[in-house]
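Open your viewer, switch to a cartoon view and keep the selection box handy. We will go from stop to stop, selecting a few residues each time.

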Amino acid sequence: SCSHATSTHIYTSISDSTPAATITDMLCTGLTNISSACPVHLRPCFAAEDVEEIRLQHIREMRKFFNRLMKDRIPSNALDNCGEKKYVVPVTTTTTTTSTTTTTTTTTTSNLDDMEMFKNVHE
């Protein structure tokens, strides 16, 4: 999943010697990336308001997960403002254009019917 790939990348990038400030920056960047990239997959299925609510709930859960994962490495409040305010659900406008083609067929007939026309030719 989108958030799993991001969190795995962050986790594997942090070494034992990575300073707390750098870890916090990496985790905040990860939360921001999750917050902006992952909701794209939800847009076809949910209304914009629902996507935003799901996004906020997911970011809060990911923040708790990152805090538990790094509890001995960063302050407990280090991620409090990460990821929530960075994403605005874009409004998508769909325009449908319909065109109609009208075909007019004109049939011209002579004053004589077909049989009369042949009759005159053979006489």
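How many disulfides does the structure hold? There are two, and they make a good place to begin. Keep in mind along the way that this is a predicted model.

**Stop 1: the first disulfide**

Select Cys2 and Cys38 and show them as sticks. These cysteines form a disulfide, and their sulfur atoms are 2.1 Å apart. Cys2 belongs to helix 1, while Cys38 sits in the loop between helix 2 and helix 3, so the link ties together parts that are 36 residues apart in sequence. Turn the view to look along the S-S bond: the angle about this bond is -90°, and the link of Cys2 and Cys38 is left-handed.

Now add a surface. Is Cys38 buried or exposed? Cys38 counts as buried, at 12% relative accessibility, because the cut-off for buried is under 20%. Its partner Cys2 is partly exposed, with a relative accessible area of 23%.

**Stop 2: the second disulfide**

Next, select Cys28 and Cys82. A disulfide joins this pair as well, with an S to S distance of 1.5 Å. Cys28 lies in helix 2 and Cys82 in the loop between helix 3 and helix 4 (114-122), so this bond ties together parts that are 54 residues apart in sequence. Both Cys28 and Cys82 are buried.

If you number the bonded cysteines of the chain in sequence order, the pairing reads 1-3, 2-4. While cysteines are on screen, click on Cys45 too: with 60% relative accessibility, Cys45 counts as exposed.

**Stop 3: the largest pocket**

Go back to Cys38 and keep it selected, then add Ser3, Pro39, Leu42 and His58. Of the 13 residues that line the largest pocket, these five are the closest to its centre. The volume of this pocket is about 170 Å³.

Colour the helices to see where the lining comes from. Helix 1 (2-13), helix 2 (20-37) and helix 3 (48-69) each supply at least two lining residues. Which helix gives the largest share? That is helix 3, with four residues. Colour the lining by residue type and you will find seven nonpolar, five polar and one charged.

**Stop 4: the largest nonpolar core**

In soluble globular proteins, nonpolar side chains tend to be buried together. To look at such a group here, select Ile23, Leu27, Leu31, Phe66, Met70, Ile74 and Leu79. The largest nonpolar core has 15 residues, and these seven touch the most other members. Helix 2 and helix 3 each supply at least two residues of this core, and helix 2 gives the most, with five.

Zoom in on Leu27. Which residues is Leu27 in contact with, leaving aside neighbours within four places in sequence? The contacts are Ile10, Phe66, Met70, Ile74 and Leu79.

**Stop 5: a polar residue in helix 3**

Finally, select Asn67, which is found in helix 3. Asn67 has a relative accessibility of 19% and therefore counts as buried. Show what surrounds Asn67: not counting residues up to four places away in sequence, Asn67 touches Ile74, Pro75, Ser76 and Leu79. Two of these, Ile74 and Leu79, are familiar from the contacts of Leu27.

As a last step, use the distance tool between the C-alpha atoms of Asn67 and Ala78. The two residues are eleven apart along the chain, and their C-alpha atoms are separated by 8.3 Å.

Terms used: Residues are numbered from 1 along each chain as its sequence is written. This is a predicted model: local features need pLDDT of at least 70, side-chain atom pairs count only at pLDDT 80 or more; totals for chains, interfaces and linings use all residues. Side-chain values use heavy atoms; hydrogens and water are left out. On a 1 Å grid over the protein atoms alone, a cavity is a set of points where a 1.4 Å probe fits but cannot get out, and a pocket is an open set with protein on both sides within 12 Å along at least five of seven lines; lining residues have an atom within 4 Å of a point. Grid points are joined across faces, edges and corners, and a volume is the space filled by probe spheres set on the points. Ala, Val, Leu, Ile, Met, Phe, Trp, Tyr, Cys and Pro count as nonpolar, Asp, Glu, Lys and Arg as charged, and the others, Gly among them, as polar. A disulfide is a pair of cysteine sulfur atoms within 2.5 Å. Buried means under 20% relative accessible area, exposed over 50%, partly exposed in between (1.4 Å probe, protein chains only). A nonpolar core is a set of buried Ala, Val, Leu, Ile, Met, Phe, Trp, Tyr and Cys residues joined through side-chain atoms within 4.5 Å. Contact means heavy atoms within 4.5 Å.
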